[in-house]
Amino acid sequence: MKLVNEMETQTLNIKGMTCGGCVKSVTNVLQQLPGISSVNVSLEQNNAVIKYDPAKVNPAQFKSAIEDAGYDVV
Ligand SMILES: [Cu+2]
């Protein structure tokens, strides 16, 4: 029997996004990580909802990717 990997969802609050370009930057850096199923970044809510495969990526990588792009995770 083959088990499908269980996806997990994490929401991160982000500080420093001011426009659609910021949303795109954050979305892009997160999508470049391995094991990402979907990324939904909201400027209005200042957050990112990330669906990922915990076998392929460590959630700590989300924070450093966002910070490397110049934003803060709060
Ligand atoms: Cu911007």
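Let me begin at isoleucine 14, whose bridge partner in strand β4 is valine 73; please keep in mind that what we are looking at is a predicted model. That pair belongs to the contact between β1 and β4, the latter covering residues 72–73, where two bridges join the strands and the two run antiparallel.

Turning to the other partner of β1, which covers residues 8–15, we find strand β3, residues 47–52, and here the pairing is again in the antiparallel sense, over six bridges. One residue pair to look for on your screens is leucine 12, which has alanine 48 as its bridge partner in β3.

From β3 we can go on to β2, since these two strands also pair in the antiparallel sense over six bridges, and in this part of the sheet serine 42 stands opposite asparagine 47 of β3. Helix α2, made of residues 60–68, packs on the sheet and touches β1, β3 and β4, with its direction at about 30° to that of β1.

So what is the order of the strands in the sheet? The sheet is an open one of four strands, ordered β2-β3-β1-β4, with antiparallel pairing. Its edge strands are β2, residues 36–42, and β4, each of which pairs on one side only.

The other helix, α1, lies across β1, β2 and β3, and runs at about 165° to β2. Within α1, which spans residues 20–31, we find asparagine 28, and you may ask whether asparagine 28 counts as buried or partly exposed. It counts as partly exposed, because 13 C-beta neighbours lie inside 10 Å, whereas a buried residue would need 20 or more. To place asparagine 28 relative to where we started, its C-alpha atom is separated by 15 Å from that of isoleucine 14, and the two residues are 14 apart along the chain.

Stepping back to the whole chain, the secondary structure comes to two helices and four strands, and, read along the sequence, these follow the pattern β-α-β-β-α-β. Among contacts between residues at least 6 apart in sequence, 60% join residues at least 24 apart, while buried residues make up 15% of the 74 residues.

As for overall dimensions, the C-alpha trace spans about 50 × 20 × 20 Å along its principal axes. The radius of gyration is 12 Å, which agrees with the value near 11 Å that a compact globule of 74 residues would have.

Definitions and conventions
Residues numbered from 1 in each chain as written. Predicted model: local features only at pLDDT ≥ 70, side-chain atom pairs only at ≥ 80, totals over all residues. Buried ≥ 20, exposed ≤ 12 C-beta atoms within 10 Å, placed from the backbone. Pairing = 2+ DSSP bridges. Contact = placed C-beta atoms within 7 Å. Axes fitted to C-alpha atoms, helices over the stretch in contact; angles between N-to-C directions. Rg over C-alpha atoms; globule rule 2.2 N^0.38 Å.
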